[in-house]
Amino acid sequence: MPKPRKRLAGAAGPTGPDNKGPAGKRTKTKNPVGTSATLGNSSPEKTSASKNCGKNLSSYWLMKSEPESRLEKGVDVKFSIEDLKAQPKQTACWDGVRNYQFTNGLCSGQCLHTSLGVLAKARNFLRAMQLGQEAFFYHSNCKEPGIAGLVKVDVQFVRMMKRYITLAELKTHYQAHKTTGGPLKNMALFTRQRLSVQPLTREEFDFILSLEEKEPS
């Protein structure tokens, strides 16, 4: 049986990436831009896409997925960390990024241009990933968004977080670090929040891991 294929949460429509949507059920998906981003087949060498991400390629990532059922064109976009854990060998393929939603199917030229740019950047980050690199599994578009666990690219379940680290908690640290120069001062979750696949610095990754051992602020 082939591995189930999964789209990333991607950039959402005008309501933002973490607003709750209606219920439904998803099966297989297809890459909306026709680009294979199956991480298990990623080349260990830098691609042209990875070069666009800068000379210092990230080794740590944050990947968004929706843990609650929501129909999109009759297909459920749900895929939680519990769903990943239940897969054979606790591994599943991410084969693309979600297409964009526009209110009533309409969008201004500027909005379309911006959305396509976000889609291309998320796709490029997928291409830049390498086997064995670590990522946070982030539950998006739900009642309480936050980091639920650790995975490694292809994507394989590693473990649940010792506690759920919410978006609200991360935002508190981000706002404080903007003033103090702390590790989360430039975190893409807030500076480039529409991206479904986001690079993390080693400092950001380590700081978030350290939050597991602390009481929520």
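The chain in this predicted model averages a pLDDT of 73, and 62% of the residues score at least 70. The weak stretches come up before anything else. Over residues 1-55 the pLDDT is below 50, yet the model gives this stretch 144 contacts beyond near neighbours in sequence. Residues 98-115 also stay under 50, with 32 contacts beyond four places in sequence. Where pLDDT is low, the predicted coordinates should not be read in detail. I will therefore not read anything into those contacts.

Now the overall picture. The chain has six helices and nine strands. It counts 217 residues, 48% of them buried. Of the contacts with a separation of 6 or more, 70% are between residues 24 or more positions apart.

On to the sheet. Five strands make an open sheet in the order β8-β7-β6-β2-β9, and the pairing is mixed. Which strands stand at the edges? They are β8, residues 156-166, and β9, residues 197-200; each has a single partner strand, so one side of each has no neighbour in the sheet. From one strand to the next, the twist averages 25°.

Two of the strand pairings are worth going through. At one edge, β7 and β8 pair in the antiparallel sense over six bridges. These two strands form a hairpin, with three residues between them. If you want a register point, take Ile147, whose bridge partner in β8 is Ile165. At the other edge, β9 pairs with β2, residues 60-65, again in the antiparallel sense, and this pairing has four bridges. Here the register point is Tyr60, with Leu200 as its bridge partner in β9.

Next, the helices on the sheet. Helix α6, residues 202-211, packs on the sheet and touches β2, β6, β7, β8 and β9. Its direction makes about 65° with that of β8. Helix α4 lies across β6 (134-139), β7 (146-152) and β8, and runs at about 70° to β8.

Within α4, which spans residues 167-180, I picked out His173. Buried or exposed? His173 has 15% relative accessibility, and because the cut-off for buried is under 20%, it counts as buried. Leaving out residues up to four places away in sequence, His173 touches Leu184, Phe207, Leu211 and Ser217.

Aromatics next. The count comes to four aromatic pairs. One of them is Tyr174 with Phe190: the ring centres are 4.6 Å apart and the planes are at 15°, so this pair is stacked. Tyr174 sits in helix α4 and Phe190 in helix α5, residues 188-191, so to speak of sequence, they are 16 residues apart. Both Tyr174 and Phe190 are buried. There is also an aromatic cluster made of Tyr60, Phe136 and Phe205. Tyr60 is the residue that bridges to Leu200.

Then the cysteines. How many disulfides does the structure hold? Zero. Cys93 is buried, with a relative accessible area of 6%, and Cys142 is buried as well, at 7%.

Backbone angles. Most residues other than glycine have a negative phi. Lys73 is not a glycine, but its phi is positive, about 55°. Lys73 is in the loop between β3 (71-72) and β4 (75-76), and with a relative accessible area of 82% it is exposed. Asn141, also not a glycine, has a positive phi of about 55° too. Asn141 belongs to the loop between β6 and β7. In contrast to the exposed Lys73, Asn141 is buried, with a relative accessible area of 7%.

One last residue, Arg194. Where does Arg194 lie? It lies in the loop between α5 and β9. At 27% relative accessible area, Arg194 is partly exposed. Its C-alpha atom is separated by 9.1 Å from that of Ala122, which lies 72 residues away along the chain.

To recap, we have an open, mixed sheet of five strands, with α6 packed on it and α4 lying across β6, β7 and β8. The caution about residues 1-55 stands, as their pLDDT is below 50.

Methods. Residues numbered from 1 in each chain as written. Predicted model: local features only at pLDDT ≥ 70, side-chain atom pairs only at ≥ 80, totals over all residues. Heavy atoms only, no water. Disulfide = S-S within 2.5 Å. Buried < 20%, exposed > 50% of the residue type's maximum accessible area, 1.4 Å probe, protein only. pLDDT = per-residue confidence, 0-100. Contact = heavy atoms within 4.5 Å. Pairing = 2+ DSSP bridges. Axes fitted to C-alpha atoms, helices over the stretch in contact; angles between N-to-C directions. Phe/Tyr/Trp six-rings, centres within 6.5 Å; stacked < 30°, edge-to-face > 60°.
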